[in-house]
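Reader: I'm new to looking at protein models. Could you walk me through this one, question by question?

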Amino acid sequence: MVVILILSPSRLINYRLGFFFKIWFMDFIDEAKIIVNSGDGGKGCVSFRREKFIPRGGPDGGDGGNGGDVVFIAKTAKNTLLDFRYKRKFVAKNGENGRGKQQSGKAAQNFVIPVPIGTLIKDLDTGEILVDMVTPEQYFVVAKGGMGGRGNQHFATSTNRAPRYAQPGTPGEERNLLLELKLLADIGLIGLPNVGKSTIISRISAAHPKIADYPFTTLIPNLGVVKCDDHEPFVVADVPGLIEGAHKGAGLGIRFLKHVERTKILVHCLDIMGLKKPDFLYNFKLINNELEKFSPALAQRRQIMVINKMDLIKKEEFDPDLEKILQTLKMPVCKISAITGAGIKELKYTMVRMLDNKE
Ligand SMILES: Nc1nc2c(ncn2[C@@H]2O[C@H](COP(=O)(O)OP(=O)(O)OP(=O)(O)O)[C@@H](O)[C@H]2O)c(=O)[nH]1
Ligand SMILES: [Mg+2]
């Protein structure tokens, strides 16, 4: 039976878009389970010197080479754990065996695995955090290669001049690991979808995230470096929007919140058009509630409230009751328009003051 699928052009485009969307979305991998295996040490050799006119030449078995270590190195050029999606097992080579004539086997090269900055490496079997790869070029040996065995030349004694024994070399180790990427940023932008988070990061940094007038435009976190006068540049992360029930998986869920877990400050973005009577701060509380469900520690993080899209109302239309409520809040409030740029400079200064603990 032949089934003919007739798709309207718009449907076809949607399918194709969905496909590309999926691939792009899947490319940001922030968790991976892998197995690493360091190399075994090479065997020491049992051998005796055999040369013309030299009767009973002594033992001359060389040592085995050490097995290769498995090491991680933190690289700024890497942004995701994509490399680990298909390749799960990383095995370092064994050391070479020793040979006669006192020849040692070659030590194996280390197996070096590059990971993005911010990768947390855990032992899957014990749950122990082994290392947090936070500085560029940080180097960590996760599985030590086995030691090469010593050849019989080392075991000759006055009572046993011809030892028929050499060490076998110790085995490498196997470890099950969990790699978890948690981006490193000083400030995180959070809020409902469509409130203008990506527009804000594109205004304050050189980042060019996708911006569009529909929810969930941002599917993966964006990082931007913000420069403000003479202050040391700082990193801001824009994460996909949260919605009510995100902790139960609604929308894109709360899994991306881990990328703002290491921030010092959260910029809580609101759309002025969403601040409505009777409960002006309904959306604000909703997001804070989702934060609390994800991590009470993150919910305690200092926040800057940003009321965006101020260009959509006239100054005198700003509700005085809302103004009163804002004044009772124990956090800085910045009214801005990411589109016109109004208030952006003040927002940057507020960020700097908060980072310097001056507010
Ligand atoms: N009028 C007005 N529109 C804005 C402003 N800032 C952003 N927008 C618009 O709001 C829409 C959403 O902006 P985004 O920056 O994509 O919003 P987002 O919060 O990153 O959205 P998600 O990625 O879906 O969570 C876009 O159409 C923007 O052009 C603003 O200050 N004023
Ligand atoms: Mg966005």
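Author: Sure, and one definition first: Ala, Val, Leu, Ile, Met, Phe, Trp, Tyr, Cys and Pro count as nonpolar, Asp, Glu, Lys and Arg as charged, and the others, Gly among them, as polar. Keep in mind that this is a predicted model.

Reader: How do the residues of the shell around ligand 1 divide into nonpolar, polar and charged?
Author: The shell has 23 residues, and the closest are Gly-196, Ser-198, Asp-213, Thr-218 and Gly-241. By the grouping above, Gly and Ser go with the polar ones and Asp with the charged ones. Over the whole shell, the split is ten nonpolar, nine polar and four charged.

Reader: Which element gives the largest share of the shell around ligand 1?
Author: Ser-198, one of the closest residues to ligand 1, is also on the list of buried residues of helix 2. That helix covers residues 197–204 and supplies three residues of the shell. The largest share comes from helix 2.

Reader: Is helix 2 largely enclosed or not, and why?
Author: A residue counts as buried if 20 or more other C-beta atoms lie within 10 Å of its own. In helix 2 the residues that pass are Lys-197, Ser-198, Ile-200, Ile-201, Arg-203 and Ile-204. That makes six of the eight residues buried, so helix 2 is largely enclosed by the rest of the structure.

Reader: What do the buried residues of helix 2 pack against?
Author: Their partners include several strands, among them strand 9 (187–191) and strand 10 (222–228). Strand 11 (231–238), strand 12 (265–271) and strand 13 (302–308) are on the list too. The list also has a helix, namely helix 6 (344–355).

Reader: How do strand 9 and strand 10 pair with strand 11?
Author: Strand 9 runs parallel to strand 11, with three bridges joining them, and Gly-188 stands opposite Ala-237 there. On strand 10, Cys-228 has His-231 of strand 11 as its bridge partner. Strand 10 and strand 11 share six bridges, and their pairing is antiparallel.

Reader: Which residue in the hairpin of strand 10 and strand 11 takes a positive phi?
Author: The hairpin has two residues between the strands. One residue in that loop has 7 C-beta neighbours inside 10 Å, so it counts as exposed. Its phi is near 45 degrees, a positive value in a residue other than glycine. The residue is Asp-229.

Reader: Phe-216 has a positive phi too. Is Phe-216 buried, exposed or partly exposed?
Author: Phe-216 sits in the loop between helix 2 and strand 10, and its phi is near 60 degrees. Exposed means 12 or fewer other C-beta atoms within 10 Å, and buried means 20 or more. Phe-216 has 13, so it comes out as partly exposed.

Reader: Where does Pro-278 lie, and what is the peptide bond from Lys-277 to Pro-278 like?
Author: Look in the loop between strand 12 and helix 3 (282–294) for Pro-278. The bond from Lys-277 to Pro-278 has omega near -5 degrees. That bond is cis.

Reader: What does Leu-223 touch?
Author: Leu-223 lies in strand 10 and is partly exposed, with 17 other C-beta atoms within 10 Å. Residues up to four places away in sequence are not counted here. What Leu-223 touches is Leu-183, Ala-185, Ala-207, Val-235 and Ala-237.

Reader: How far apart are the C-alpha centres of domain 1 and domain 2?
Author: The domain assignment gives domain 1 as 29–181 and domain 2 as 187–355. Leu-223 and Ala-162 are 61 residues apart along the chain, and their C-alpha atoms are separated by 67 Å. For the C-alpha centres of the two domains, the value is 48 Å.

Reader: Which are the edge strands of the open sheet with the order 3-1-8-5-6?
Author: This sheet has five strands and mixed pairing. Each edge strand pairs on one side only; strand 6, for instance, is joined to strand 5 (residues 119–123) by four antiparallel bridges, and Thr-119 has Met-133 as its bridge partner. The edge strands are strand 3 (89–91) and strand 6 (129–133).

Reader: Is Arg-88 buried or exposed?
Author: Arg-88 is found in the loop between strand 2 (70–75) and strand 3, and touches Ile-34 and Ile-35, leaving out residues up to four places away in sequence. It has 11 C-beta neighbours inside 10 Å, so Arg-88 counts as exposed.

Note on methods. Residues numbered from 1 in each chain as written. Chains lettered and ligands numbered in written order. Predicted model: local features only at pLDDT ≥ 70, side-chain atom pairs only at ≥ 80, totals over all residues. Domains from an automatic or database assignment. Near = placed C-beta within 6 Å. Contact = placed C-beta atoms within 7 Å. Pairing = 2+ DSSP bridges.
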